[in-house]
Amino acid sequence: MNKVLRREAAMERIEELRKKMISAAGQYGMSHPIVLHYSQELDRAHNKMILLEISRPKKWEQSMSF
């Protein structure tokens with residue numbers, strides 16, 4: 001899977017978790033364990049996205065390769 005597809009998949013996962021967390025918070029309250037679970041999953045998804053961004057070559061690095 002190329003980096004663009006991985007990034008899009010990570011973005012979709014983040015959005016999916018965000019919606020689930022908001023819905024659960026509305027239904028059960030902010031301190032419910034399921035809301036905490038979704039929040040932690042969302043944090044992990046964000047961290048994965050950051051790692052994908054860090055590992056992506058910068059435009060100037062791409063122009064230097066021969």
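I looked up the core-facing side of α2 and found Val35, Tyr38, Leu42, Ala45, Met49 and Leu52 to be buried (under 20% relative accessible area, with exposed over 50% and partly exposed in between, for a 1.4 Å probe and protein chains only). What covers these residues includes α1 (3-28), helices being DSSP runs of H or I with at least four residues, numbered from the N terminus.

I note that this is a predicted model, in which local features need pLDDT of at least 70 and side-chain atom pairs count only at pLDDT 80 or more, while totals for chains, interfaces and linings use all residues. Residues are numbered from 1 along each chain as its sequence is written, and side-chain values use heavy atoms, leaving out hydrogens and water.

I then checked the span of α2, whose 23 residues reach 33 Å from first C-alpha to last, close to the 33 Å expected at 1.5 Å a residue (1.5 Å times one less than the number of residues).

I searched the whole structure for salt bridges and recorded 6, each a side-chain nitrogen of Lys or Arg within 4 Å of a carboxyl oxygen of Asp or Glu. In one of them Arg13 pairs with Glu16, with the closest N and O atoms 3.3 Å apart, and Glu16 also bridges to Lys20, again at 3.3 Å. Both partners of the Arg13–Glu16 bridge lie in α1, 3 residues apart, about one turn of the helix. I traced a network of salt bridges linking Arg13, Glu16, Lys20, Glu41 and Arg44.

I also logged a bridge between Arg18 and Glu15, with closest N and O atoms 2.5 Å apart.

Technical notes. Helices (H or I, at least four residues) and strands (E, at least two) are DSSP runs, numbered from the N terminus. Contact means heavy atoms within 4.5 Å.
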